[in-house]
Amino acid sequence: MNSLDQLPEITSEILSGLKADETLKHRILLSAAESGRSTRVPRRTLVPLCALSALVIALCVLIPQLSGPGSSSGTSIQVIAAGSRRTSSPIHLHSMITTAANLDHEEKAACDDSPSGVEELSPENDDFSVASPEDDSLPETESPAE
Amino acid sequence: MSESLNQLEWTEDASGASFEELYESYATDVLRVAYYYLGDRQRAEDVTQDVFVKLIQNRPALVRGKEKPWLLKVTLNRCRDLWRSSWLKKVVLGHPAFELFPAEDDIGKASDRLSLAEAINHLPADFKEVVLLHYYQGYGVSDVAQILGIAEGTVSSRLSRARSRLQNELKGEDNP
């Protein structure tokens, strides 16, 4: 077709008013600046954002496991007396720590000359057992002082 | 606006051409090809904008002399996406009227060229692409095949069928 061969000339005639002008160029530059700004920022912050999310998720999972149920009232340990009789009164962990610290202090003071400061656990009593203040049935340990 | 424009750092691509040079040389061709394809000036400008924004952001390693084929390839891809996405609208509303944009001096001469431009605009997308690249942009069959990523035989076949359709349409016959 002859007219198809003349398409460049025909186009330059019929579309001669359709030109890429300065307005379009300005629009392109503006669009590139805006989209470049919006796409670069997430890429830069992607890694710290992922790390932060992973940390938050890990904390959410671990914190309940560490504190455990009923952590607000302190950690309680069930006490079993030497006679294998289960007592009803729990002992709070922080009171045990305080008692242990006091014992340690007294121990230091008395260990030089007094043989009665230290309690030794009998070999038969290898259970971790603590006597409650209300409990009368103390573990059968021999105190050197007696 | 000038502040945001200053933040755009354009560096010359591998071919050594700056954005200004590429825009001045090829933007009008890109705009007209997009207009031939879509028949809508606003959309053609949007496509031109997308193509040059992509050029700025991706900064492809363009070989000197191969800038225009790259730009036309991206243009046709973008036009094809728009063409497919607006398929329903085209079917329901019909083809948009091909509007002429003659310069003031050419108004008298331009009206009798309208039929060919309209006929090209009414071609199926596959035919339109090869006609625009071969007859309008002057690329050979092998270059068209390379730009579109199809076989040379396919390009020749499409050109032949496109010519036949155009002939029929210009004669006022119904296309099969």
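Reader: How many residues does each chain bring to the contact between chain A and chain B?

Author: Contact means heavy atoms within 4.5 Å. Here 33 residues come from chain A and 45 residues from chain B. This is a predicted model, in which local features need pLDDT of at least 70 and side-chain atom pairs count only at pLDDT 80 or more, while totals for chains, interfaces and linings use all residues. Residues are numbered from 1 along each chain as its sequence is written, chains are lettered from A in the order in which they are written, and side-chain values use heavy atoms, with hydrogens and water left out.

Reader: What area do chain A and chain B bury between them?

Author: The size of an interface is often given as the accessible area lost when the parts come together. Buried area is that loss with a 1.4 Å probe, summed over both parts. For chain A and chain B the figure is about 3700 Å², with 66% of it on carbon and sulfur atoms.

Reader: How many salt bridges are there between chain A and chain B?

Author: Side chains of opposite charge can pair when their charged atoms come close. A salt bridge is a side-chain nitrogen of Lys or Arg within 4 Å of a carboxyl oxygen of Asp or Glu. Between chain A and chain B the count is four, and the whole structure holds 10 over all chains. One of them pairs Lys25(A) with Glu24(B), with the closest N and O atoms 3.6 Å apart. Lys25(A) and Glu24(B) also belong to a salt-bridge network with Glu22(A) and Glu20(B).

Reader: Is Lys25(A) buried or exposed?

Author: Buried means under 20% relative accessible area, exposed over 50%, and partly exposed in between (1.4 Å probe, protein chains only). Lys25(A) is buried at 7%, whereas Glu24(B) is exposed at 52%.

Reader: Which residue forms a salt bridge with Glu45(B) from chain A?

Author: Arg27(A) does, with the closest N and O atoms 3.5 Å apart. Glu45(B) also forms a salt bridge with Arg41(B), at 3.4 Å. Glu45(B) is buried at 15%; Arg27(A) is partly exposed at 27%, and Arg41(B) is partly exposed at 30%.

Reader: How many disulfides does the structure hold?

Author: A disulfide is a pair of cysteine sulfur atoms within 2.5 Å. The structure holds zero over all chains. Among the cysteines, Cys60(A) is exposed, with a relative accessible area of 54%, and Cys79(B) is buried at 0%.

Conventions. Buried area is the accessible area (1.4 Å probe) that two parts lose on being put together, summed over both.
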